[in-house]
Amino acid sequence: MLDTTTRKGRTETSGPTAAATPALVTENVARSFGALKAVSNVSITIAPGERRAILGPNGAGKTTLFNTICGDHPPTAGRILLFGEDITHLQPHRRARLGIGRTYQSSLLFDGLSVLENLYLAVRGAMPGRLSLWKAGHDDPALAKARRLAEQVRVDTIAQARIQSLSHGQRRQVEVGMALASDPRLLMLDEPAAGLSAAERPELVKLIRDLPRELTLILIEHDMDVALPNSDKVTVMKDGEVVVDSTPDRIADDPLVQAIYLGGEH
Ligand SMILES: Nc1ncnc2c1ncn2[C@@H]1O[C@H](COP(=O)(O)OP(=O)(O)OP(=O)(O)O)[C@@H](O)[C@H]1O
């Protein structure tokens, strides 16, 4: 994997170069909302299996960058390649079929349904064909997969519990399971630890750490204790632009990062 440090146009590279097609490339990606440039000129390359944290203060453009990648708000300029395929102009569901899974800052869970039912719906939603919950039987492969996902995200012991009875941390675990339902090659987690108590965080960190190593992961996270142990590289954004691209061991000491992130601006 590349070991690269970038600061506003300057790039230092050391270590072996990755020959494989990158999992994700954004080339000069921009997204405006009217006159507001939420994301400007973002060029990042993420290797297959890499875990990348995206940090930055509120309003830096992190979620908007996610939205340009998954297609919720496609870029107004630039290009996005997923495993070498140009997805810049594809609809979100086409991008999902090509291997993008994501979570959102706000919950998309059905409160009145059980954990297993939510996971089942996510599995069925990722399958071609019409959704038909009433056909679910014990030999339904989608149900078996939902059960496997429940184990993977450590909610199998509460599989029958309704979402509304879950703790915030457990809900986050279910959300990760739902994002995994489509067997993504690129998983994007938007602030998975937001709102979690100190007691709930280690479970989530462990869940993320135990995700299959071949899965490429992009993580937006304010909490350094969650972001840094779970990342190979860290990208810091401010005012819609990438301002630092570095490694977790260097990031905390970076004066620019300290000024804009640890300095309490967010
Ligand atoms: N749908 C939208 N319409 C108009 N403006 C938007 C929209 N989405 C985001 N923005 C604006 O774009 C800028 C970047 O927002 P974004 O949510 O991407 O930042 P962020 O880094 O994810 O922040 P946070 O950490 O608070 O989630 C902000 O000024 C925001 O108000």
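Me: Hi! Before we look at strands S3 and S4, what makes two strands count as a pair here?
Reply: Happy to help! Two strands pair if DSSP finds at least two bridges between them. Keep in mind that this is a predicted model.

Me: Good to know. So how many bridges do S3 and S4 have, and in which sense do they pair?
Reply: Seven bridges link S3, residues 24-33, with S4, residues 36-46, and the sense is antiparallel. One residue to look at is Val29, whose bridge partner in S4 is Val42.

Me: What sits between those two strands?
Reply: Two residues do, and S3 and S4 form a hairpin around them. Gly34 lies in the turn and has a positive phi of about 60 degrees.

Me: Which sheet do they belong to?
Reply: An open sheet of four strands, with the order S4-S3-S6-S7 and antiparallel pairing. S4 and strand S7 (85-86) are at the edges with a single partner strand each, so each has one side without a neighbour in the sheet.

Me: And what joins S3 to S6?
Reply: Five bridges, with S3 and strand S6 (residues 77-82) running antiparallel. Leu24, for instance, has Leu82 as its bridge partner in S6.

Me: What holds strands together in general, by the way?
Reply: Strands of a sheet pair through backbone hydrogen bonds.

Me: Nice. Switching to the ligand: which residues are around it?
Reply: The residues are Phe33, Leu36, Ala38, Gly56, Asn58, Gly59, Ala60, Gly61, Lys62, Thr63 and Thr64. S4 and helix H1 (62-70) are the elements that give two or more residues to this shell. H1 has the largest share, three residues.

Me: How does that shell split by class?
Reply: Six residues are polar, four are nonpolar and one is charged.

Me: OK, new topic. How is the chain divided?
Reply: Into domain 1 (1-99 + 184-266) and domain 2 (109-182). Eleven residues of domain 1 are in contact with eleven of domain 2. On the domain 1 side, strand S9 (186-190) and helix H6 (201-209) are the elements that give two or more residues. H6 contributes the largest share there, three residues.

Me: What kinds of residues are on that side of domain 1?
Reply: By class, eight are nonpolar, two are charged and one is polar.

Me: And the largest nonpolar core, which members touch the most others?
Reply: Among its 64 residues, those are Ile54, Ile69, Leu119, Ala146, Ala150, Met188 and Leu219. Helix H3 (residues 115-125) gives the most to this core, with seven residues. Domain 1 and domain 2 each supply at least three residues.

Me: What does Ile54 touch?
Reply: Leaving out residues up to four places away in sequence, Ile54 touches Lys62, Leu65, Ile218, Leu219, Ile220, Thr235 and Met237. Lys62 is also one of the residues around the ligand.

Me: Back to H3, then. Why is H3 largely enclosed by the rest of the structure?
Reply: Because nine of its eleven residues are buried. Those include Leu119, Tyr120 and Arg124. The buried residues of H3 pack against helix H4 (141-152) and helix H5 (168-179).

Me: Last one: how many helices and strands does the chain have, and how much of the chain is buried?
Reply: There are nine helices and twelve strands. Buried residues account for 39% of the 266 residues. Also, of the contacts between residues at least 6 apart in sequence, 65% join residues at least 24 apart.

Notes
Residues are numbered from 1 along each chain as its sequence is written. This is a predicted model: local features need pLDDT of at least 70, side-chain atom pairs count only at pLDDT 80 or more; totals for chains, interfaces and linings use all residues. A residue is near a molecule or strand if its C-beta atom, placed from the backbone, lies within 6 Å of it. Ala, Val, Leu, Ile, Met, Phe, Trp, Tyr, Cys and Pro count as nonpolar, Asp, Glu, Lys and Arg as charged, and the others, Gly among them, as polar. A nonpolar core is a set of buried Ala, Val, Leu, Ile, Met, Phe, Trp, Tyr and Cys residues joined through C-beta atoms within 7 Å. A residue is buried if 20 or more other C-beta atoms lie within 10 Å of its own, exposed if 12 or fewer, and partly exposed in between; C-beta atoms are placed from the backbone. Domain bounds come from an automatic or database domain assignment. Two residues are in contact if their C-beta atoms, placed from the backbone, lie within 7 Å.
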